[in-house]
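Hi,

Here is the structure I promised to pass on, with the sequence alongside. Please have a look, and then read on for what I found in it.

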Amino acid sequence: MNERTLASRIFRKIQSRIHPVIDVSDEYTDLLAGANAGWLERGNLHAISYAIKNLPSEAPIIEIGSFCGLSTNLITYYKGKHGRTNRLVNCDKWIWDHEDRYIGDSAMTIKEYLAFALDTYKRNVNLFSRSDLPETIKEFSDDFFGLWREGKQVEDIFGKIVMLGGPISFCFIDGNHAYEFAKRDFENTDEFLEAGGFILFDDSADGTQWDVARVRDEVIRTHRYEIVMKNPNYLFRKK
Ligand SMILES: C[S@@+](CC[C@H](N)C(=O)[O-])C[C@H]1O[C@@H](n2cnc3c(N)ncnc32)[C@H](O)[C@@H]1O
């Protein structure tokens, strides 16, 4: 472990003592997280639940970075729990750089791994969100927002014809965490997010090593967003 990582871990440990994470996990979220692969920060449950409960309108919810569908299925769960019927439109291309690279010492390539992740996504969402399927667009977020801006009609991965465009009420940003990408995800979201709408940045906690921290600080400096919570990731509301 390098010094930066160690310092970050110590910082997070101290932070979690001062501001303990509110964990609203229940039987369903525990069982879902046990069966559905993914990266879950438990504090996100409270942030997602809060945002969905307090959505300012019926405008769509956007998710950037769906992977195997864990956060997608959690968003669907909280929609049901809070009786919200906003559409959930999400995007992921299941393509990374250096796809022909073998993973670790295995004989498996990144490309094979991602094909499996996409297959898993479909199975997970078809089961856990079966009564409220998301509209899943197989695109990188920049291209997704380009289509959104143009108000395009597209076919999603389940074969449904989907109309894109218009205001959005909440965006969960969990795609490419490199600065330029996370920044553009914010700018694109900001363009369509209505007043009172929410943005949750994954991996934005104080002390994080991810570039998302730089974007988070820039959002704060716009003075156009209030911090609703740090649990430990930042949930913002547009003023
Ligand atoms: C950390 S994972 C998302 C985890 C997921 N939200 C969960 O609950 O497990 C990041 C995902 O973002 C996707 N991704 C990477 N770059 C992206 C981009 N430019 N646009 C959209 N998705 C992207 C990756 O394919 C990957 O599935």
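**The core and what surrounds it**

The largest nonpolar core has 48 residues, and those touching the most other members are Ile48, Ala51, Cys171, Ile173, Ile199, Leu200 and Leu235. Helix 3 (residues 43–53) gives the most to this core, contributing 6 residues. Before going further, please keep in mind that this is a predicted model.

Helix 3 deserves a closer look. Of its 11 residues, 8 are buried, so to speak of it as mostly covered is fair by the definition of burial, 20 or more other C-beta atoms within 10 Å. The buried ones are Gly43, Asn44, Leu45, Ala47, Ile48, Tyr50, Ala51 and Ile52. They pack against two helices, helix 2 (27–35) and helix 4, and against strand 6 (168–173), strand 7 (193–201), strand 8 (225–230) and strand 9 (234–238).

Ile173, one of the core residues named above, is a good place to start if you want to browse contacts. Leaving out neighbours within four places in sequence, Ile173 meets Ile64, Ala182, Asp185, Phe186, Thr189, Ile199, Leu200, Phe201 and Asp202.

**A helix pair**

Two of those partners of Ile173, Ala182 and Phe186, also turn up where helix 7 meets helix 8. Helix 7 (residues 179–192) and helix 8 (residues 212–222) pack at an angle of about 35 degrees, and their axes are 8 Å apart. Their crossing is right-handed. On the helix 7 side the contact is made by Tyr179, Ala182, Lys183 and Phe186, and on the helix 8 side by Val212, Arg214, Val215 and Val219. By type, these contact residues are 6 nonpolar and 2 charged, with no polar ones.

**Asn73**

Which residue types would you expect around a buried Asn73? Asn73 sits in helix 4 (residues 70–81), and it counts as buried because 25 other C-beta atoms lie within 10 Å. Not counting residues up to four places away in sequence, Asn73 touches Leu32, Asn36, Asn124, Val125, Phe128 and Ser129. Asp142, by contrast, is 69 residues from Asn73 in sequence and 23 Å from it in space, C-alpha to C-alpha.

**The ligand**

Finally, there are 19 residues around the ligand, and the ones that come nearest are Gly38, Gly65, Phe67, Ser71 and Gly175. The shell divides into 9 nonpolar, 7 polar and 3 charged residues.

Happy browsing, and all the best

Methods. Residues are numbered from 1 along each chain as its sequence is written. This is a predicted model: local features need pLDDT of at least 70, side-chain atom pairs count only at pLDDT 80 or more; totals for chains, interfaces and linings use all residues. A residue is near a molecule or strand if its C-beta atom, placed from the backbone, lies within 6 Å of it. Ala, Val, Leu, Ile, Met, Phe, Trp, Tyr, Cys and Pro count as nonpolar, Asp, Glu, Lys and Arg as charged, and the others, Gly among them, as polar. Axes are lines fitted to C-alpha atoms, for helices over the stretch in contact, and angles run from 0 to 180 degrees between N-to-C directions. Helices (H or I, at least four residues) and strands (E, at least two) are DSSP runs, numbered from the N terminus. A crossing is left-handed if the near helix is turned anticlockwise from the far one by less than a right angle, and right-handed if clockwise. Two residues are in contact if their C-beta atoms, placed from the backbone, lie within 7 Å. A residue is buried if 20 or more other C-beta atoms lie within 10 Å of its own, exposed if 12 or fewer, and partly exposed in between; C-beta atoms are placed from the backbone. A nonpolar core is a set of buried Ala, Val, Leu, Ile, Met, Phe, Trp, Tyr and Cys residues joined through C-beta atoms within 7 Å.
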